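Student: I would like to go through this model with you and test each label against the rule behind it. Could we take the labels one at a time?

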Amino acid sequence: MTPRTLDRTPEVRVPRLVGLMAVDARESARARGLHLEAPDRPDFHLTVVEYVVRQYPQPGAEVPRDSLVHVWFDFGEGDGGGGVREPRGPVPPGGGLQRELDEPGAPGTAVPRAATATLGPP
């Protein structure tokens, strides 16, 4: 019997790591013979559930085995994110609730209301 030899080609394709959790990205890279580095996470070896948002080299690139692949977990300044979350125009017309609560009757006519007594000292 001859021992099985693993296919150790000198070049490997970089897997798509964007969208994977840190633990899964490390495992996927390790399975291909690659190493990961996260410039925005000095404690990368402890990171588990954060998601990869960028990688370099890009998926599908051929690199030498044992190469370093950089992954990021945060978007850089101006590189995405949620954008502006405050409402922008057009603004709804004014008086919406007030129009709904108008008293019945002809428009522009006042409806008499019952006089209210003011409570004061006895």
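Student: Along β5, which side chains point to one face and which to the other, and which of them are buried?

Tutor: This is a predicted model, in which local features need pLDDT of at least 70, side-chain atom pairs count only at pLDDT 80 or more, and totals for chains, interfaces and linings use all residues. Residues are numbered from 1 along each chain as its sequence is written, and side-chain values use heavy atoms, with hydrogens and water left out. In β5 the side chains alternate, with Val-69 and Val-71 pointing to one face and buried, whereas Leu-68, His-70 and Trp-72 point to the other face and are not buried. Buried means under 20% relative accessible area, exposed over 50% and partly exposed in between, with a 1.4 Å probe and protein chains only.

Student: What makes β5 a partner of β2, and in which sense do they pair?

Tutor: Strands (E, at least two residues) and helices (H or I, at least four) are DSSP runs, numbered from the N terminus, and two strands pair if DSSP finds at least two bridges between them. β2 and β5 have 3 bridges and run in the parallel sense, so they satisfy that rule. Glu-37 stands opposite His-70 in β5. β3 is likewise joined to β5 by 3 bridges, but here the strands run antiparallel, and Gln-55 has Val-71 of β5 as its bridge partner.

Student: Why is the pair of Phe-44 and Phe-73 called tilted?

Tutor: Rings of Phe, Tyr and Trp (its six-membered ring) pair if their centres lie within 6.5 Å, and planes under 30 degrees apart count as stacked, over 60 as edge-to-face and the rest as tilted. By this rule the count comes to 1 aromatic pair. The centres of Phe-44 and Phe-73 are 5.8 Å apart and their planes stand at 35°, so the pair is tilted.

Student: What does this pair tie together, and are its two members buried or exposed?

Tutor: Phe-44 lies in the loop between β2 (35-37) and β3 (54-56), and Phe-73 in the loop between β5 (68-72) and α2 (96-101), so the pair ties together parts that are 29 residues apart in sequence. Both Phe-44 and Phe-73 are buried.

Student: How do you know that a charge sits over the ring of Phe-44?

Tutor: The rule asks that NZ of Lys or CZ of Arg be within 6 Å of the ring centre and within 35 degrees of the ring normal. The charged end of Arg-26 sits over the ring of Phe-44, 5.0 Å from its centre, and that of Arg-54 sits over the ring of Trp-72, 4.7 Å from its centre.
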